[in-house]
Amino acid sequence: MKTYTITVNGNVYNVTVEEGQTSGAPAAAAPKAAPAAPAPKAAAPKAAAGAVAVTASVPGKVFKVEASVGQAVKAGDPIIILEAMKMEIPVVAPQDGTVASIDVAVGDAVESGDSLASLN
């Protein structure tokens with residue numbers, strides 16, 4: 001048996017694969033994958049963080065970043081677009097302010113409650 005560590009969409013899995021099947025029959029099931037500890041996400045610089053956190057309301061993948069650091073936004077303006085269940089879900093500014101930090105990049109997998117950005 002050989003053990004491999006594989007990363008898929010930011011999730012780390014330890015996979016064990018059997019070698020040397022001599023029966024000639026195809027494998028009956030896919031190898032079992034045991035989830036390993038998730039890889040730590042890069043933390044945003046604390047000095048750049050704003051007072052108002054903008055968080056993900058659903059788990060998904062960052063599809064698009066609509067705002068940039070230093071940009072003035074009004075309540076309801078889209079900051080990040082998430083893709084979840086084949087839908088595009090806008091994450092909007094909860095109040096008027098200036099974008100202090102963008103804590104994610106396009107393609108990042110996020111969970112509900114994860115910090116996406118902050119406002120001043």
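This is a short chat about a predicted model and some of its contacts, core and surface.

Student: What kind of model is this, and how are residues numbered?
Tutor: The model is predicted: local features need pLDDT of at least 70, side-chain atom pairs count only at pLDDT 80 or more, and totals for chains, interfaces and linings use all residues. Residues are numbered from 1 along each chain as its sequence is written, and side-chain values use heavy atoms, with hydrogens and water left out.

Student: How many salt bridges does a search of the whole structure find?
Tutor: One. A salt bridge here is a side-chain nitrogen of Lys or Arg within 4 Å of a carboxyl oxygen of Asp or Glu.

Student: Which side chains meet in it?
Tutor: Those of Glu66 and Lys64, at 3.4 Å from N to O. Side chains of opposite charge can pair when their charged atoms come close.

Student: Are those two buried or exposed?
Tutor: In between. Glu66 is partly exposed at 33% relative accessible area, and Lys64 is partly exposed at 42%. Buried means under 20%, exposed over 50%, partly exposed in between (1.4 Å probe, protein chains only).

Student: New topic. How many residues has the largest nonpolar core?
Tutor: It has 17 residues. Such a core is a set of buried Ala, Val, Leu, Ile, Met, Phe, Trp, Tyr and Cys residues joined through side-chain atoms within 4.5 Å. Those with the most contacts inside it are Ile79, Ile80, Leu82, Val110, Leu116 and Leu119.

Student: Which strands each supply at least two residues of this core?
Tutor: Strand 4 (52-55), strand 7 (78-84) and strand 11 (115-119). Strands are DSSP runs (E, at least two residues), numbered from the N terminus.

Student: Which residues form the nonpolar patch on the surface?
Tutor: Tyr4, Ile6, Val8 and Val17, with about 300 Å² of accessible area together (Shrake-Rupley method, 1.4 Å probe, only the protein chains shown count as cover). Patch residues have over 30% relative accessible area and no salt bridge; nonpolar side chains (Val, Leu, Ile, Met, Phe, Trp, Tyr) are joined within 5 Å, like charges within 9 Å. Strand 1 (residues 2-8) gives the most, with three residues.

Student: And where is Ser101, and is it buried or exposed?
Tutor: Ser101 lies in strand 9 (residues 97-102). Ser101 is buried, at 6% relative accessibility.

Student: Which side chains does Ser101 make polar contacts with?
Tutor: Asp103 at 3.0 Å, and Ser118 at 2.7 Å. A polar contact is a pair of N or O atoms within 3.5 Å; within protein, one must be able to donate a hydrogen and the other to accept it, and residues adjacent in sequence count only if both atoms are side-chain atoms.

Conventions. Helix = DSSP H or I, 4+ residues; strand = E, 2+ residues; numbered from the N terminus.
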